[in-house]
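Reader: Please take a close look at one part of this model, and go slowly with the terms as you meet them.

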Amino acid sequence: MSTTASDPLVTLGSLPGVPDAVDSVRKAVDRVYGHRVMRRRSNEITAEAALRGSRGSAALAGADWNLEEVRRRTDFSGEDEARVVGAALRLTAEAGQLLSIWRQSPLRVLARLHLVAAGGAAPDDAVGRPRLAGEPVDEPLIEARLPDADEVAGRLEGLSQLIIAGTAAPALVTAAVVHGELLALRPFGSHNGLVARTAERIVLIGSGLDPKSVCPAEVGHAEQGRAAYVAAFEGYTSGTPEGVAAWIAHCGRSVGLGVRESTAVCEALQRGAA
């Protein structure tokens, strides 16, 4: 992410195609929030969106379980895939507790997210802090150039300052950039994708776009598929206006698909079938 504008996120929000993506997301979110079931049973929709979002994020991290298996399972301490699903579930549960901290100390939130995701699965001195020079990164889905520790520190600080300063950019743009930067940096030794998608969720909730957390973008990222996710991310890392706009649009479609998922849940509850 390289721009010299005083508010670079606003600049990105004006890229060709991005205003349309923002408008489409806003209309979709407004529709699901206007559903009659949301007025009476929003807590149930939130809980179901959290479960489905966790499943989607875990699928992108290599644990593509069906929803009923995620719902049924109580022990996530066994095989590698189970630990990934458990990490995704823990992160989704934690996200809502960190909203008030995010705008004041995003780096503290990211450290907490990694701690929650790792759940004791990584060496203690590597958990909850950006990686040091020479430390390996386990992130098999993302094969982009891995920035060195100094670049990671500088770009994390820049991202943090943008968030703390606040922005007039649409929530979708901010969420997509936070997600993309964290994927590009892979600041931790593990669980970077899970953390990046949780940070996107935090921005969407905390911005007021999705205050009840019923529009799980993770569902849409998974539904579009790992290949599309990686291709869109490569557009972001290219740094070209077209590539960055394509990534933001991809994130917008993911939110839209998350809205569709929660709308289906609303409809099922209305019919008494869920």
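Author: A crossing of two helices is right-handed if the near helix is turned clockwise from the far one by less than a right angle, and left-handed if anticlockwise. The model is predicted, so to speak of it carefully, local features need a pLDDT of at least 70 and side-chain atom pairs count only at 80 or more, while totals for chains, interfaces and linings use all residues. Residues are numbered from 1 along each chain as its sequence is written, and side-chain values use heavy atoms, with hydrogens and water left out.

The part to follow is helix H3, residues 36-60 (helices are DSSP runs of H or I with at least four residues, numbered from the N terminus). Helix H13, residues 241-271, packs against H3 at an angle of about 125°, and the two axes lie 9 Å apart (axes are lines fitted to C-alpha atoms over the stretch in contact, and angles run from 0 to 180 degrees between N-to-C directions). Where H3 passes H13, the crossing is right-handed. On the side of H3, the residues that meet H13 are Arg-36, Val-37, Met-38, Arg-41, Glu-44, Ile-45, Glu-48, Ala-49 and Arg-52, and H13 answers with Glu-261, Ser-262, Val-265, Cys-266, Leu-269 and Gln-270 (contact means heavy atoms within 4.5 Å). Sorted by class, this contact of H3 with H13 has seven nonpolar, two polar and six charged residues (Ala, Val, Leu, Ile, Met, Phe, Trp, Tyr, Cys and Pro count as nonpolar, Asp, Glu, Lys and Arg as charged, the others, Gly among them, as polar).

H3 also packs against H10, at an angle of about 145° and with the axes 9 Å apart, and the crossing of H3 and H10 is right-handed. Here H3 brings Ala-49, Ala-50, Gly-53, Ser-57, Ala-58 and Leu-60, while H10 brings Leu-194, Arg-197 and Arg-201. The contact of H3 with H10 divides into five nonpolar, two polar and two charged residues. Ala-49 of H3 takes part in the contact with H13 and in the contact with H10.

From this contact we can turn to the cavities, of which the structure holds three of 30 Å³ or more (on a 1 Å grid, a cavity is a set of points where a 1.4 Å probe fits but cannot get out, and lining residues have an atom within 4 Å of a point; a volume is the space filled by probe spheres on points joined across faces, edges and corners). The second largest cavity holds about 40 Å³ of space, and its lining includes at least two residues from each of H3, H10 and helix H5 (80-95). Ser-54, Ser-57, Ala-88, Leu-91, Thr-92, Leu-194, Arg-197, Thr-198 and Glu-218 line this second largest cavity, with three nonpolar, four polar and two charged residues among them. Ser-57, Leu-194 and Arg-197, which belong to this lining, also belong to the contact of H3 with H10.

H10 then leads on to the largest cavity, which has a volume of about 60 Å³. Its lining is formed by Arg-197, Glu-200, Arg-201, Leu-204, Ile-205, Asp-210, Ser-213, Cys-215, Pro-216, Ala-217 and Glu-218, and the elements that give two or more of these residues are H10 and helix H11 (217-224). With five residues, H10 supplies the largest share of this lining, and by class the lining holds five nonpolar, one polar and five charged residues. Arg-197 and Glu-218 line both the largest and the second largest cavity, and Arg-197 and Arg-201, which line the largest cavity, are also residues of H10 that meet H3.

Technical notes
1 Å grid on protein atoms, 1.4 Å probe; cavity = no way out; pocket = protein on both sides within 12 Å on 5 of 7 lines; lining within 4 Å.
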